[in-house]
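What follows is a guided reading of one protein chain, moving from individual side chains outward to the sheet that carries them. Please keep the sequence and the model side by side while reading.

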Amino acid sequence: MAIAKTSVLVLDCAEPAALADFYAQFLGGEVRIGSSPDYIEVVESDKVHLAIRRDRGAAPPSWPRPDDSQQAHLHFLVPQDNMDEAEREAVSLGARPLQTRENRGPYDARRYSDPAGHPFVLAASEGHALGQAN
């Protein structure tokens, strides 16, 4: 019998409290600090569970990186009619655009970096099925 598990995506950065605050505000989640301030979780009901871990030597990933491949990025599905609002919210919280081309319509996908430099995508949910490659 399999033991119940929860998956958590862990992002490394130099300042975990600030990055956890960014994601908690952006996702409408809650910051949970355990026994160590070097590992902070962001939980938004049953939809999202992230952890932010302090790595004093963390270097932000770059996108696109021509010399090697990106290892991972966050992909947030947003209702198509709310893409502009989600973009304004992300930028107002400190996200930086990586690709400013707007696709519009059901295949709209907009790329940003969070305040620590991790890439993420806002994608129109009507145009991107869960698990579909970007």
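Asp38 has a relative accessibility of 30% in this predicted model, and it counts as partly exposed because that value falls between the limits of 20% for buried and 50% for exposed. The side chain of Asp38 meets that of Arg54 in a salt bridge, with a distance of 2.4 Å from N to O. This pair links distant parts of the chain, since Asp38 belongs to the loop between strand 2 and strand 3 whereas Arg54 belongs to strand 4, 16 residues apart.

Arg54 also takes part in a salt bridge with Glu15, where the N to O distance is 4.0 Å. Glu15 sits in the loop between strand 1 and helix 1, and Arg54 in strand 4, so this contact ties together parts that are 39 residues apart in sequence. Glu15 is exposed, because its relative accessible area of 52% is over the 50% limit. The background to such contacts is that side chains of opposite charge can pair when their charged atoms come close.

A further salt bridge joins Arg53 and Asp55, whose closest N and O atoms are 4.0 Å apart. Arg53 is partly exposed at a relative accessible area of 34%, and Asp55, at 27% relative accessibility, is likewise classed as partly exposed. Elsewhere in the chain, Asp84, Glu87, Asp108 and Arg110 are joined into one network by salt bridges that share partners. The count of salt bridges comes to eight.

Strand 4, which covers residues 48-54, leads from these charged pairs to the sheet. How are the four strands of the open sheet ordered? Their order is 1-4-3-2, and the pairing among them is mixed. The edges are formed by strand 1 (9-13) and strand 2 (30-33), each of which pairs on one side only. On average, and with direction ignored, neighbouring strands of this sheet are turned by 25 degrees against each other.

The mixed character of the sheet can be followed strand by strand, beginning with strand 1, which pairs with strand 4 in the parallel sense over five bridges. Within this pairing, Leu9 has Leu50 of strand 4 as its bridge partner, and Val10 has Ala51. On the other pairing of strand 4, with strand 3, the sense is antiparallel and there are six bridges, one of the bridge partnerships being that of Ile40 with Ile52 of strand 4. Strand 3 and strand 4 form a hairpin with three residues between them, and in its turn Ser45 has a positive phi of about 45 degrees.

Strand 3 (residues 39-44) is joined in turn to strand 2 by four bridges, and these two strands run antiparallel. Val31 has its bridge partner in strand 3, namely Val42. Strand 2 and strand 3 likewise form a hairpin, here with five residues between them.

Is strand 4 largely enclosed or left open by the rest of the structure? Five of its seven residues are buried, and strand 4 is therefore largely enclosed by the rest of the structure. Helix 1 (residues 16-27) lies across strand 1, strand 2, strand 3 and strand 4, and runs at about 165 degrees to strand 4.

The sheet also contributes to the surface. Val8, Val10 and Tyr39 form a nonpolar patch there, with about 200 Å² of accessible area together. Tyr39, which is placed in strand 3, counts as partly exposed because its relative accessibility is 32%.

Taken as a whole, the chain contains two helices and eight strands, and from the N terminus on its elements run β-α-β-β-β-β-α-β-β-β. Of its 134 residues, 32% count as buried, while the chain exposes about 8200 Å², of which carbon and sulfur atoms supply 51%. Among the contacts between residues at least 6 apart in sequence, 53% join residues at least 24 apart.

Note on methods. Residues numbered from 1 in each chain as written. Predicted model: local features only at pLDDT ≥ 70, side-chain atom pairs only at ≥ 80, totals over all residues. Heavy atoms only, no water. Patch = residues over 30% accessible without salt bridge, like charges linked within 9 Å, V, L, I, M, F, W, Y side chains within 5 Å. Areas by Shrake-Rupley, 256 points an atom, 1.4 Å probe, with all protein chains shown as cover. Buried < 20%, exposed > 50% of the residue type's maximum accessible area, 1.4 Å probe, protein only. Pairing = 2+ DSSP bridges. Axes fitted to C-alpha atoms, helices over the stretch in contact; angles between N-to-C directions. Contact = heavy atoms within 4.5 Å.
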